[in-house]
Amino acid sequence: MDLLIKAARVVDFSQDFVGDVYIENGIISEIGRDLKKQCSIIDGRGKILIPSFIDTHCHFRDPGFTYKEDIYTGSRAAVRGGYTGVNLMANTNPVCSTIETVDYVLNKGKEVGLIDIHQCTSITHDFDGQSINHLDRLSPKVRIITEDGKDVMDVKVMMEAMFKAKKKDITVMCHCEDHALSNEDMRLAENMMTWRNVTLAEYTGCRAHIAHVSTKESIDYCIEAKKKGHKVTLEVTPHHIALTRDNIDYRVNPPIRNEEDRLHIIKAIQEGYVDAIGTDHAPHTPEDKKKGAPGLSGIETSFSVCYTELVKKGYIDLCRLSEIMSKRPAEIVGFNKGQIKIGFDGDLVLVDLDSEYKINAEEFHSKGKNTPFHDRWVSGRVITTIKAGKIVFQEGEA
């Protein structure tokens, strides 16, 4: 698709200027001022044009739990939130441990055609905690493995999986939780396993992506590994950036933490140690939430929450937010997106930073209406989402 966006304020991790962006055959082809092309044109005056967002951590519940979400509804929720690329977790039914299940998800994503999908496979086969021979049979289309929703308890199994991952140039995404401690102290459960997984990553030399880091101690373990030059990337969530246990009682895993932890996360973002904001989009039915299912539907509110909490309050600028919502996540997942540069995918978002609105969960395109942000006022509304030069979401249109 060919598309010209004119006179927008163009922002990504490295630039902030007013100008035009031309997308040709789905790829950013020209950037400048006063460009003239024979194609569809969007007037970007008064709007911010930024790279589409990439979610390093997302659950679409397909296959097996499509009463919560499916590829179609998840994709619609993603583009409404400004996302055109997602990294899906393996805790489906069946567990995503085979290329056949990966292909099912990828093919369904292509049929829907709204976003690009990377599907993780599990670290151990069917989450059994022991078997890792399936890793030898993975094709290059699998770039990340994870046991998300749980951790691999056997340290030797995790070490051997990391050695296999290093050999195949695969990233190991770690949900850090010692299940023996979960009912005793969730903070200790996270801290112990963050230290273990980071240490194993150092020992094996594999790439480790530490998911939804929520405590100041776990943040520091990751920072220490980064300073040593190890291949550790660090992800935080919008809800751990914006909420504390003092102002909200909402079940997520890891739990909402203290103000001290929240401020430590923000400090790590300011200092450049946080690589990505992952939504941990985890839609549930009202019945499942009442039964205690942890998680929230977050992909449609992520940018507005993060812009309001981080940029509008003066902690970081929009370029830095674009870096951790677009550039670095795209690099981690392996997408040719996240930058407004010639040769990158024409996946962009127009946002209105001046638009203040109240989040209404009933308007979500996701099947999951579970969110602690319902009725919360935020700024930064996603107006238009563009995928490969094609408009895939337009605010106010069905």
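Is Lys-341 buried, exposed or partly exposed? With 25% relative accessibility, Lys-341 counts as partly exposed. The close-ups below, all taken from a predicted model, start with that lysine and its partner.

**View 1. Asp-12 and Lys-341 form a salt bridge.** The closest N and O atoms of this pair sit 3.1 Å apart. It's a link between distant parts of the chain, with 329 residues separating the two partners. Asp-12 belongs to strand 1 (residues 3-12), while Lys-341 is in the loop between helix 10 (318-333) and strand 14. The two ends don't fall in one exposure class: Asp-12 counts as buried because its relative accessibility is 0%, whereas Lys-341, at 25%, is partly exposed. By the rule used here, the salt-bridge count comes to 35.

**View 2. Asp-347 and Lys-337 pair up in a salt bridge.** Here the closest N and O atoms are 2.8 Å apart. Both residues are found in the loop between helix 10 and strand 14, 10 residues apart. Asp-347 and Lys-337 are both buried. They also belong to a network of salt bridges that links them with Asp-116, Asp-345 and Lys-387.

**View 3. Glu-331 and Arg-328 meet within helix 10.** Their side chains make a salt bridge, with 2.7 Å from N to O. The two residues are 3 places apart, which is about one turn of the helix. Glu-331 has a relative accessible area of 39%, so it is partly exposed.

**View 4. Glu-177 is a buried acid with no salt bridge.** Look for this one in the loop between strand 10 (171-174) and helix 4 (186-204). The nearest side chain of opposite charge is Arg-251, and it is 7.4 Å away. What Glu-177 does have is polar contacts: its side chain reaches the side chain of His-175 at 2.9 Å, and another contact, at 2.6 Å, joins it to the side chain of Ser-182. Setting aside residues up to four places away in sequence, Glu-177 touches Asp-151, Met-153, Ser-182, Met-186, Ala-189, Met-193 and Asn-253.

**View 5. Helix 4 packs with helix 5 (residues 216-227).** The angle is about 10° and the axes are 9 Å apart. That makes the two helices roughly parallel. On the helix 4 side, the residues meeting helix 5 include Arg-187, Trp-195 and Glu-202. Among those they meet on helix 5 are Lys-216, Tyr-221 and Ala-225.

**View 6. Thr-371 is buried in a loop between two strands.** The strands in question are strand 14 (348-358) and strand 15 (377-387). Thr-371 counts as buried because its relative accessible area is 9%. A polar atom of the Thr-371 side chain lies 2.9 Å from the backbone nitrogen of Phe-373. Leaving out neighbours within four places in sequence, Thr-371 contacts Tyr-250, Leu-296, Ser-297, Ala-361 and Phe-364.

**View 7. Gly-292 is a loop residue between helix 8 (286-290) and helix 9 (302-311).** At 22% relative accessibility, Gly-292 counts as partly exposed. Tyr-250, listed in the previous view as a contact of Thr-371, turns up here too. Measuring from C-alpha to C-alpha, Gly-292 and Tyr-250 are 9.8 Å apart in space, with their positions 42 residues apart in sequence.

Note on methods
Residues numbered from 1 in each chain as written. Predicted model: local features only at pLDDT ≥ 70, side-chain atom pairs only at ≥ 80, totals over all residues. Heavy atoms only, no water. Helix = DSSP H or I, 4+ residues; strand = E, 2+ residues; numbered from the N terminus. Buried < 20%, exposed > 50% of the residue type's maximum accessible area, 1.4 Å probe, protein only. Lys, Arg positive; Asp, Glu negative; His and termini not counted. Salt bridge = Lys/Arg side-chain N within 4 Å of Asp/Glu carboxyl O. Polar contact = N/O pair within 3.5 Å; in protein donor to acceptor, adjacent residues only side chain to side chain. Contact = heavy atoms within 4.5 Å. Axes fitted to C-alpha atoms, helices over the stretch in contact; angles between N-to-C directions. Parallel < 35°, antiparallel > 145°, perpendicular 65-115°, else oblique.
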